[in-house]
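Here is a walk through one protein, for anyone meeting it fresh. Have a look at the picture, and then we'll take it piece by piece.

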Amino acid sequence: MFGKTRKAIASNVANSSEWDNTIKPQDGHVHAMFIDSFQGLGEGTVIQIEEKYTDQINVFLDKLQNSGYEIVDVKFNSFHEDHMSSNTKYQTLILYK
């Protein structure tokens, strides 16, 4: 349920005027998109595919590629906002042209 909600939120952003105002026109130059998102991992998880984060970022990657843009690189950083929190903040940089 929560995964679908988060994916829907990402889809709403990707289909909003915010998206239209952020995406640069195709001009052969490399452009950047910086995305902040928050997720929580299951307790005791050692390794897993983070489905919620993956779904959200794929919404943006798909939208760019379906609009004719080339993804040059994707970089990310993750951290806990404080030592008491189980939520992880993801910062994603998508480079596209």
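**Starting from a tyrosine**

Tyr90 counts as buried here, with a relative accessibility of 9%. Keep in mind that what you're looking at is a predicted model. Tyr90 has company: together with Tyr53 and Phe76 it makes up one aromatic cluster.

Let's go round that cluster. A search of the whole structure turns up three aromatic pairs. In one of them, the rings of Tyr53 and Phe76 sit with centres 6.3 Å apart and planes at 50 degrees, so this pair is tilted. Since Tyr53 belongs to helix H3 and Phe76 to strand E2, the pair ties together parts 23 residues apart in sequence. Tyr53 also pairs with Tyr90, and this time the rings are stacked, at 4.3 Å centre to centre with 25 degrees between the planes. Tyr90 lies in strand E3, so here the parts tied together are 37 residues apart in sequence. Buried or exposed, what are the other two members of the cluster? Tyr53 is buried, because its relative accessible area is 11% and the cut-off is under 20%. Phe76, at 55% relative accessibility, counts as exposed.

Now step back for the overall layout. The protein has three helices and three strands, and reading along the sequence gives the pattern α-α-β-α-β-β. Of its 97 residues, 26% are buried. The accessible surface comes to about 6700 Å², and carbon and sulfur atoms account for 52% of that. Among contacts between residues at least 6 apart in sequence, 65% join residues at least 24 apart.

Strand E3, residues 87–96, is a good one to follow next. Seven of its ten residues are buried, so E3 is largely enclosed by the rest of the structure. Strand E2 (residues 71–80) pairs with E3 in the antiparallel sense, over nine bridges. For Ile71, the bridge partner in E3 is Tyr96. Gln91 is part of E3 too, and with a relative accessible area of 19% it is buried. Setting aside neighbours within four places in sequence, Gln91 is in contact with several residues, including Phe34, Asp36, Lys75 and Phe79.

What about the nonpolar interior? Nonpolar side chains in soluble globular proteins tend to be buried together. In this model, the largest nonpolar core has 16 residues, and those with the most contacts inside it include Trp19, Met33, Phe60 and Ile94. Helix H1 (2–14), strand E1 (31–40), helix H3 (51–66) and E3 are the elements that give two or more residues to this core. Which of them gives the most? That is H3, with six residues. Ile94 shows how the pieces meet: leaving out neighbours within four places in sequence, its contacts include Met33, Ile35, Phe60, Leu64 and Ile71.

One charged pair is left to visit. Side chains of opposite charge can pair when their charged atoms come close. The count here is one salt bridge, in which the side chains of Lys75 and Asp73 meet at 3.1 Å, N to O. Lys75 is partly exposed, with a relative accessible area of 43%, and Asp73 also counts as partly exposed, at 29% relative accessibility. Both residues link back to strand E3: Lys75 is among the contacts of Gln91, and Asp73 is among those of Ile94.

Note on methods: Residues are numbered from 1 along each chain as its sequence is written. This is a predicted model: local features need pLDDT of at least 70, side-chain atom pairs count only at pLDDT 80 or more; totals for chains, interfaces and linings use all residues. Side-chain values use heavy atoms; hydrogens and water are left out. Helices (H or I, at least four residues) and strands (E, at least two) are DSSP runs, numbered from the N terminus. Buried means under 20% relative accessible area, exposed over 50%, partly exposed in between (1.4 Å probe, protein chains only). Contact means heavy atoms within 4.5 Å. Accessible areas come from the Shrake-Rupley method with a 1.4 Å probe; for residues, only the protein chains shown count as cover. A nonpolar core is a set of buried Ala, Val, Leu, Ile, Met, Phe, Trp, Tyr and Cys residues joined through side-chain atoms within 4.5 Å. Two strands pair if DSSP finds at least two bridges between them. A salt bridge is a side-chain nitrogen of Lys or Arg within 4 Å of a carboxyl oxygen of Asp or Glu. Rings of Phe, Tyr and Trp (its six-membered ring) pair if their centres lie within 6.5 Å; planes under 30 degrees apart count as stacked, over 60 as edge-to-face and the rest as tilted.
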